Amino acid sequence: MEFKEGEAAAIGQAMYEKIRDEMEEHYWGHMVVIDVKSGDYEIGGAGDDDWTVTMRLRERRPDAYTWGELVGYPATCSIGGGVLEPLPRRSKKRD
């Protein structure tokens, strides 16, 4: 499967949005890596980096095309030693 520029990122973000509430409720601060071809994903443990989580996903999906999110944060890392501030927690949806 080939992706046009930006397409894989858009697919990954859309897939993440479908699981975002669950991720934020149970895995705040953990890395989640999604295979944008299959929709399969792997959730990291506390302190796992994107490489570790990606390799665990690739054990199941060797040809995975991946998109990663650090749950609750605007980016997966900071460059230059800056502090990565979490996003505000979203309020839970009410029925």
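This is a guided tour of the structure shown above, which is a predicted model, arranged as a series of selections.

**Whole protein**

Begin with everything displayed and the cartoon coloured by pLDDT. The mean pLDDT of the protein is 85, and 83% of the residues reach 70 or more. Among the elements, strand 2 has the highest mean, 97, and strand 3 the lowest, 92.

Now colour by secondary structure. The protein has 2 helices and 3 strands, and their order along the sequence is α-β-β-α-β. If a surface is switched on, its accessible area comes to about 6,600 Å², with 49% of that belonging to carbon and sulfur atoms. Of the 95 residues in the protein, 27% are buried. Among contacts between residues at least 6 apart in sequence, 44% join residues at least 24 apart.

**The sheet**

Hide the helices and keep the strands. The 3 strands form an open sheet in the order 2-1-3, with antiparallel pairing. Its edges are strand 2 (41-43) and strand 3 (66-70), each of which pairs on one side only. From one strand to the next, the twist averages 15 degrees.

Select residues 31-35, which are strand 1. Antiparallel to strand 2, this strand is joined to that partner by 3 bridges; with strand 3, strand 1 pairs in the antiparallel sense over 5 bridges. Which way do the residues of strand 1 point? Met-31, Val-33 and Asp-35 point one way, while Val-32 and Ile-34 point the other way. Strand 1 is mostly covered, as 5 of its 5 residues are buried.

Two residue pairs are useful for following the pairing. Val-32 stands opposite Ile-43 in strand 2. Towards the other edge, Asp-35 has Thr-66 in strand 3 as its bridge partner.

Next, move to the hairpin of strand 1 and strand 2, which has 5 residues between the strands. Select Gly-39 there, and a positive phi near 90 degrees will be found.

**Ile-43, on strand 2**

Select Ile-43, which has its place in strand 2. Is this residue buried or partly exposed? Ile-43 counts as partly exposed because its relative accessibility is 21%, and buried means under 20%.

Expand the selection to its contacts. Beyond the neighbours within four places in sequence, Ile-43 is in contact with Met-23, Tyr-27, His-30, Met-31, Val-32, Val-53 and Arg-56. For a distance label, choose Met-23: the C-alpha atoms of Ile-43 and Met-23 are 8.8 Å apart in space, and the two residues are 20 apart in sequence.

**Helix 1 and Glu-24**

Restore helix 1, residues 7-26. Helix 1 lies across strand 1, strand 2 and strand 3, and runs at about 130 degrees to strand 1.

Within helix 1, select Glu-24. Glu-24 is buried because its relative accessible area is 10%, under the 20% limit. Which residue's side chain makes a polar contact with that of Glu-24? The partner is Arg-20, at 2.8 Å. Setting aside neighbours within four places in sequence, the contacts of Glu-24 are Tyr-16, Val-71, Arg-89 and Arg-90.

Step along to Arg-20, also found in helix 1. Arg-20 counts as buried because its relative accessibility is 17%, under 20%. Show the side chain of Glu-17 as well: a polar contact of 3.2 Å joins it to the side chain of Arg-20. With Glu-24 also displayed, the side chain of Arg-20 can be seen in its 2.8 Å polar contact with Glu-24.

**Helix 2 and Arg-60**

Finally, restore helix 2, residues 50-60, and select Arg-60. Arg-60 is partly exposed, since its relative accessible area is 42%, which falls between the limits of 20% and 50%.

What does Arg-60 contact beyond its neighbours within four places in sequence? The residues are Asp-40, Tyr-41 and Glu-42. With Asp-40, the contact includes a polar one between side chains, at 3.2 Å. For Glu-42, label the C-alpha separation from Arg-60, which is 9.7 Å for two residues 18 apart along the chain. Tyr-41 and Glu-42, contacted by Arg-60, can be located by selecting strand 2 (41-43).

Terms used
Residues numbered from 1 in each chain as written. Predicted model: local features only at pLDDT ≥ 70, side-chain atom pairs only at ≥ 80, totals over all residues. Heavy atoms only, no water. Helix = DSSP H or I, 4+ residues; strand = E, 2+ residues; numbered from the N terminus. Buried < 20%, exposed > 50% of the residue type's maximum accessible area, 1.4 Å probe, protein only. Polar contact = N/O pair within 3.5 Å; in protein donor to acceptor, adjacent residues only side chain to side chain. Contact = heavy atoms within 4.5 Å. Areas by Shrake-Rupley, 256 points an atom, 1.4 Å probe, with all protein chains shown as cover. Pairing = 2+ DSSP bridges. Axes fitted to C-alpha atoms, helices over the stretch in contact; angles between N-to-C directions. pLDDT = per-residue confidence, 0-100.
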